[in-house]
Amino acid sequence: MGSFEVISLDMFQTLVNVESRKEQIWKRILQESYTYEIACEHGRALLSHYYSVSTQARKSNQFVLTSDIYRSSFERIFMNHNISYDSLAAVDILFQEHRLSALYEETEDVLERLIKEFQVCIVSDTDIVMLPDFYKNYPIHLFASEQYQSYKNDHENKMFKEVIQHYGVDPSKVIHIGDTASDVLGAKRAGITACWINRDQLPWNQDIKPDYIIKSLDELFQIVV
């Protein structure tokens, strides 16, 4: 167990389940051409394009807005599949549906308890307009990529440096919880304790390993209390 002062949380697939909105995204875009199978295929392609563009931007030390990455990703899919749909409109739909993502069953109870005992923030690789706004009901500080022109796994590590500077604490007093390799790698590079939330029981395929692994937010209290 650690003596932490700051709890840093990822948003998507950590606090909210964006999977709950994926079908609706593609129903609105594909309309009468929609099928579940096609939606799954396009959804995988969208994420693949997204990670390809974002990885290249990170390697070249350039910042690209999440909206611009998704716009170019949609353009590729629409071109490859001869889909006549405006890429900017598709990004708007994507962002609207992300904002409607359902909270995980334990999220509210966990947040209520955390804010009584710790300083809590959200660190999210996204444009602000993409985020659900439930967090505004809590004393939670937001660190979003759009604000800092940086992503969690950037070489300069600006996002997590901003967290440390904002709270004025030693990195060892901060624990970050997230579902991606970027959450873990970026946090550990900054000297922050990294906790991987692995809701789907996936294998870890990075050389650098998380300090902790949990299956739901409830398990966090076994580490921080």
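User: Are D10 and K152 buried or exposed?
Analyst: In this predicted model, local features need pLDDT of at least 70, side-chain atom pairs count only at pLDDT 80 or more, and totals for chains, interfaces and linings use all residues. Residues are numbered from 1 along each chain as its sequence is written, and side-chain values use heavy atoms, with hydrogens and water left out. Buried means under 20% relative accessible area, exposed over 50%, and partly exposed in between (1.4 Å probe, protein chains only). By that rule D10 and K152 are both buried.

User: How far apart are the closest N and O atoms of D10 and K152?
Analyst: A salt bridge is a side-chain nitrogen of Lys or Arg within 4 Å of a carboxyl oxygen of Asp or Glu. D10 and K152 form one, and their closest N and O atoms are apart by 2.9 Å.

User: Why does the pair of D10 and K152 tie together parts distant in sequence, and how many residues apart are they?
Analyst: Helices (H or I, at least four residues) and strands (E, at least two) are DSSP runs, numbered from the N terminus. D10 lies in the loop between β1 and β2 (16–17), and K152 in the loop between α6 (145–148) and α7 (158–167), so the parts they tie together are apart in sequence by 142 residues.

User: Which helix holds E97, the salt-bridge partner of R21?
Analyst: The side chains of R21 and E97 meet in a salt bridge at 2.6 Å, N to O. R21 is in the loop between β2 and α1 (22–30), 76 residues from E97. E97 itself is in helix α4 (residues 87–99).

User: What is the relative accessible area of R28, which forms a salt bridge with E97?
Analyst: The closest N and O atoms of R28 and E97 are 2.9 Å apart. R28 lies in helix α1 and E97 in helix α4, so this pair ties together parts 69 residues apart in sequence. E97 is buried, with a relative accessible area of 3%. R28 is partly exposed, and its relative accessible area is 29%.

User: Which strands stand at the edges of the open sheet?
Analyst: Two strands pair if DSSP finds at least two bridges between them. The six strands of the open sheet pair in parallel, in the order β5-β4-β1-β6-β7-β8. Each edge strand has a single partner, so one side of each is left without a neighbour in the sheet; these strands are β5 (140–144) and β8 (212–214).

User: Which residue in β4 stands opposite S8?
Analyst: Strands β1 (residues 6–9) and β4 (residues 119–124) run parallel and are joined by four bridges. Opposite S8 in β4 stands C121.
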